[in-house]
Every structure is written in C-alpha cells, then in structure tokens.
Amino acid sequence: MSIPVLDASALSEGTAEQREEFSTKLLDSLNTYGFAKLVNHTVPVSLVKETFDQIKAFFKLPYAVKSPLKNDPKNGQQRGWSVPGEEKTWWLESNNGEIKEPNFGDNKESFDCGHPDDKQFPNVWPVESDLPGYQDTMDRFFFSCGDLTLVLLQAMAEGLCLDPTVFTSRCTNEASTIRINHFPPIERKTLDDGKISRIWPHKDFGIISLVFPDVTPGLEYEDRSNPGTFIPMPYGSDKEVVVIVSETMQRWTNGQIGGGLHRVTRPRECDEETVPERWSLVYFNKADRHVNVGPLKEFLQDQKPMYEDLTALEYQTLRNAAHYPG
C-alpha cells in the first residue's frame, strides 16, 4: 500500500487533458488512502525552507518571549503558542473506553496563525526585534499554500464531474491556518510504553491539509485495508508535499471521501535511547466560518445525511473542545 507521488505541474502549465488526468489520479489517491503526495507544486521550495528556518528559530526563543503569545484553549480557533503537552489529541480518536487516559498530553509544542487580516481571531506575533522577518515569512507562506489548496479543491471537483466551484465557493481561506510543531527529544521507552505520543491518531478538522516533510520521520498513516495498522509516510525529498483529506471534506461528501487518519510517533528505525527532536509545517485549509459543514446536496441523492448541519466555526469549536479538555 504505497501512496502515489503525483506531478502537480499539470495544474499550472498542463493541457486540458493533462489536468483531467491529474484530477483523476488525485481523486483516486485521496479516495483510496485519504492522502496524496505532490511534486512540482506551486509553493516554492525556497519559501518552505525559509519557513522551516523561522519556526526552528521561534521554538528556540526564551520562555519569557514566548509566554505572552500563549494560546487560549477556550478560543474557537488556536492562535499563538501552545505550551508542551497542552494539546491532547488522544481524546479525538483513541478515547474508545478500552484504555485509560494517558498521563500526558502530546509530546509537542506548537504555534498557530491565520489570515493576516483576521479580525475575529487576530494573530499574535513575537516582537520583530526578537525574531526578525517571522511574521512576513508566515504571511507569504499562508498565501502561497492557500493558493495551492484552492487549485486542488477545484481539481477534486472536476474529478468528481461537479461544478468546479462546489468546494472553492465555500472557502476563501479566511479561516485557514498555519500550524508549526516542535517535538522535543524524548526517551524512546516513554513513547514505547504507550502513555504518551508525539501526536495520537486523528483526522484534521478542515477540508484538506498540506504537510511539508521534515528530515526526521515519524508521520504515519492508517492502512485502510487493515484498520488500526499504521504505515510510515515515505519521504522522498524537500520538494514533496503531503495532501490529507480532512473531516470537513468527509462531512461535505457524506462519507464518500473519508478523512485520512494519521499520527506522529518515533521513527521505526530509531534504536537509540533518545528519539531526536522533530519539526513539522502544516497548512489547514478550512471552510469559511459561516459555511455549513453538513453534507452537500450533490452527495446526498437518495442517501440519508450521515452528519448534522453545523457552521464551520461551530464544528471547529466543538473539535477544539475535544482535544483541549478541561
């Protein structure tokens, strides 16, 4: 079960036939795995590298600099710095009553930011003198990723033989977000004991996500032919991006395109006592906050809706409450 690597150049410079072929392959991969991998996409590799450099610098800032930027878990959207262990993704999929609650939250700290003009949930930033260029880099990365997600959503609609705007008309990326994660070094035994994980199995909440690779492996995806079994996400090069189907797409399509269940754990080949630190860079493409994230009429026909009608903000707030318990 190997996720295909697709050449996305057809989206920007291909013929109509090449675009149609890409849309078909993209939809097939997302339907089969919940994931796809792209090369020759439109987010510049140089910008990805610049963003990784900036996030590593952010997490090295002193506590006194990061502390004023702390995320308020009661917010409808994450903003700023989430301290190590604050997020508890165990509650999203692993809380099935068969195991006890783990002793700790996720082995990570994170930083979230959204659209630069968001007035409802404004971004918080380090002082420019503490981290020069950080906000500018994040803003440019935000818009570049946003452009790519809208093109992919249109390609998915075309692959489904629907109105090309069926998804993009519900998404301007006004509510989309960037998340950067830092996974500190941790004892291998701690992860293997199963009381803490880097990120527990979960699905993202938005429409689709873009995940850019880190040199340290650890991202794994569920083998849908063998539920509960996870496979390491292969890493080819820094030119790749992983596309993940998220819960809003699953809801819109009434379960036709299922969200991709994934987790982050220690690299399989790691035999050292200490698992090395890791970073990740994610763009969460989300529906506009007022938009209904219940099933779309195009996917109902004679079927009953599997999901209730909620606005995207209501759904985001509901899911946030689940993994920031208490």
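**View 1. Phe59 and its ring partner Phe58.** In this close-up, Phe59 is buried, with a relative accessible area of 6% (buried means under 20%, exposed over 50% and partly exposed in between, with a 1.4 Å probe and protein chains only). Phe58 is buried too, at 0%. Their ring centres lie 5.2 Å apart with planes at 75°, so the pair is edge-to-face (rings of Phe, Tyr and Trp, the last by its six-membered ring, pair if their centres lie within 6.5 Å; planes under 30 degrees apart are stacked, over 60 edge-to-face and the rest tilted). Together with Phe111, Trp125 and Tyr134, these two form one aromatic cluster. Do keep in mind that this is a predicted model, where local features need pLDDT of at least 70, side-chain atom pairs count only at pLDDT 80 or more, and totals for chains, interfaces and linings use all residues. Side-chain values use heavy atoms, without hydrogens or water, and residues are numbered from 1 along each chain as its sequence is written.

**View 2. The two faces of α3.** The buried residues of this helix include Leu47, Val48, Phe52 and Ile55. On the face turned away from the buried side, you will find the exposed Ser46 and Lys49.

**View 3. Phe35 meets Tyr221.** Here the ring centres are 5.6 Å apart and the planes stand at 55°, so the pair is tilted. Both residues are buried.

**View 4. Charges over rings.** The charged end of Lys56 sits over the ring of Trp279, 4.6 Å from its centre (NZ of Lys or CZ of Arg must be within 6 Å of the ring centre and within 35 degrees of the ring normal). Arg251 lies over the face of Tyr315, 4.5 Å from the ring centre.

Note on methods:
Helices (H or I, at least four residues) and strands (E, at least two) are DSSP runs, numbered from the N terminus.
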